[in-house]
2 protein chains.
Amino acid sequence: MRKDIIKFKNPPSIISRASVVGNKEHQGPFGGKYDMYDETDRFGMPTWEQSEGEMQRQALNLAMKKAQLKAEDIDAIFAGDLINQCTSSSYGLLDFDIPYFGLYGACSTCAQALLLSSMTVSSGSFENCAAVTSSHNCSAERQFRFPLEYGSQRPPTAQWTATASGAFIVSSKGKGPYIVEAMGGISTDMGINDANNMGAAMAPAAISTLSRYFTVTGTKPADFDKIITGDLGFEGYSIVIDIMEKQGYDMRPVYTDCGLVIYDREAQDMHAGGSGCGCSAALMAANFLEEIERGILNDVLFIGTGALLSQMSVQQGLSIPGIAHLVRIRREI
Amino acid sequence: MRKDIIKFKNPPSIISRASVVGNKEHQGPFGGKYDMYDETDRFGMPTWEQSEGEMQRQALNLAMKKAQLKAEDIDAIFAGDLINQCTSSSYGLLDFDIPYFGLYGACSTCAQALLLSSMTVSSGSFENCAAVTSSHNCSAERQFRFPLEYGSQRPPTAQWTATASGAFIVSSKGKGPYIVEAMGGISTDMGINDANNMGAAMAPAAISTLSRYFTVTGTKPADFDKIITGDLGFEGYSIVIDIMEKQGYDMRPVYTDCGLVIYDREAQDMHAGGSGCGCSAALMAANFLEEIERGILNDVLFIGTGALLSQMSVQQGLSIPGIAHLVRIRREI
């Protein structure tokens, strides 16, 4: 029978973290906490895909600098993004000369990268791993919906792909925050086929992972200081609260979602909120892990949620599968 | 300092393997060895992307059946393909209800999936993992080059994306073939920007990984029964032999490449040979692992090679980075 939960005997630490964001994210509620931003969103590059790659490069550079590690100290990079063939990761991280494992988990990629980094570090195969993800509004809109110049209207359920990147160093030598448990997501498809309502497509996956986790561990939401999904936005957040309540779990007191809070939805006119591989990565790096380090939070579930669609699958009329990977992060062990 | 080689204390076994191919592959030199083929290449599906997904589904189903394992016995799937957002893997494997980790390593994905399966199984986190990859000529040509209907001419350096899928079950309980060592690839970009000469783009990555491996382990090509790259085709194969010779390594007596041998290049008019995530996967599953099980081969290096380009990166004039992941497979330990 499957081992649903991976409990780490030697929990690895997230010894360093860095975030790089665009202008809209800088103007949002967490604007002061990101390590770096560019008000043009271009990061000095000629194309949006290269801008996104440059954000990953800068984020990893910063995370390595903070940990006082050089490229030869990093055993492997786990990285991914939303762009076809993970172009931004492949090109952005090319110069580091570090073994590279490309991932594709859509907006769940940050959690997937942290999970795989933890598994490989905890087992002693690696000593230091980097988990790096990004998204860029301009590259994502062009690819998944319409080029920006077209000026397409966004429905109220639409999320705004964040221009953001987060990088983390996961190490066997550290004093926390510790990744103590992990659980891989099972793809879930409830028949949603509206590419402008990703929250509804991803919420069932988040619910599936949360229910499985609570059932297997015998825990409940109130056992945690915070449960963070990323990125369901307002639509998906509301669905998770409603359905989990029907299953007997009261999520409200501890539940937040990176897409819900990354922008001031009213003042910034962000409809259902933010999304993208960089959204939860930047918020975890800039805010939630800092709150864990400062002792404001001690025991946190982070559930990265992804919508596994492509432009082609939408055009071919297929519904959108979701996936949600979980890591449990504690200040102390 | 980085640990270049991952040596498994508890080497996992590849306890089961299955291959599913299209018509051209069935007509090739290994035609009789694949588990299944469809002479229409459609596998009963209405679109090529879904045909490719169906090949993955059938390959994993067969591999599980051979190992007498059910879905609930598999801890995780590591899977990927060439299609945007790994659509074929996401949709093809949706029905299994097994935790799913999407990968993107282009044609190196089979080796990457075997490597990550081995790491997570060897450490005891998982007991059984599935590694599944695929490619389909019709979905890949439409995406990376031209739709088939356009009838574009192929230059002599072009490789033919194989219509093929391979699935492997990597288990902590087994009697081999054993994955005893692994080495993650470092992306390498030597400035090749011709999307019709992937062999030249990927060869430097294969050379980088092979040189690193021989240097760190103090081994040489003749220490192995076979060194298999996948998939460099005739162009990349020749480059590897030449450059490795200049570095003092004689590859010729033991070296082969999945893209070079999957088709009868002359009779089938396949130019530089085959490629695609499914090429090396199907050949490893159908032929090389069988040769290891039968004792024809005892100690093998399998180096999966990938070209990390996208249609967009080519259009934007960027050169093509390559990557090469290595696993060492032994009949006995």
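Mentor: Before we start, helices here are DSSP runs (H or I) of at least four residues, numbered from the N terminus. Also, keep in mind that this is a predicted model.

Trainee: Okay, so how far apart in helix α2 of chain B are B:Glu54 and B:Arg57?

Mentor: Those two side chains form a salt bridge, with the closest N and O atoms 3.0 Å apart. B:Glu54 is buried at 13% relative accessibility, while B:Arg57 is partly exposed at 27%. Helix α2 spans residues 48-66, and the partners sit 3 residues apart in it, so they are separated by about one helical turn.

Trainee: And which strand of chain B holds B:Arg330, the partner of B:Asp299?

Mentor: This salt bridge has a distance of 2.8 Å, N to O. B:Asp299 counts as buried because its relative accessibility is 7%, under the 20% cut-off, whereas B:Arg330 is partly exposed at 29%. The pair links distant parts of the chain, 31 residues apart: B:Asp299 lies in β13 (residues 299-307), and B:Arg330 lies in strand β14 (residues 322-330).

Trainee: Is A:Arg252 buried or partly exposed?

Mentor: A:Arg252 meets A:Glu245 in a salt bridge at 3.4 Å, N to O. A:Glu245 has a relative accessible area of 43%, which makes that residue partly exposed. For A:Arg252 the relative accessibility is 45%, and anything between 20% and 50% gets the same label, so the residue is partly exposed.

Trainee: Now the two chains together. How many salt bridges are there between chain A and chain B?

Mentor: Over all chains, the count comes to 30 salt bridges. Between the chains you'll find 34 residue pairs in polar contact. For salt bridges between chain A and chain B, though, the count is 0.

Trainee: How much area is buried between chain A and chain B?

Mentor: On each side, 62 residues are in contact with the other chain. A:Arg2, A:Gln85 and A:Tyr91 supply 16% of the area that chain A buries, more than any other three residues. Carbon and sulfur atoms give 60% of the total, which is about 5100 Å².

Trainee: Which element gives the largest share of the side of chain A that touches chain B?

Mentor: Several elements supply at least two residues each, including α2, α3 and β14 of chain A. By class, that side has 29 nonpolar, 23 polar and 10 charged residues. The largest share, 5 residues, comes from α4(A).

Trainee: Last one: what kind of axis relates the chains?

Mentor: Chain A can be laid on chain B with an RMSD of 0.0 Å by a turn of 180° and a shift of 0.0 Å along the axis. That makes the relation one of a two-fold axis.

Definitions and conventions: Residues numbered from 1 in each chain as written. Chains lettered and ligands numbered in written order. Predicted model: local features only at pLDDT ≥ 70, side-chain atom pairs only at ≥ 80, totals over all residues. Heavy atoms only, no water. Contact = heavy atoms within 4.5 Å. Buried area = accessible area lost by both parts, 1.4 Å probe. Salt bridge = Lys/Arg side-chain N within 4 Å of Asp/Glu carboxyl O. Polar contact = N/O pair within 3.5 Å; in protein donor to acceptor, adjacent residues only side chain to side chain. Nonpolar A, V, L, I, M, F, W, Y, C, P; charged D, E, K, R; others polar. Least-squares fit on C-alpha atoms with pLDDT ≥ 70 in both. Buried < 20%, exposed > 50% of the residue type's maximum accessible area, 1.4 Å probe, protein only.
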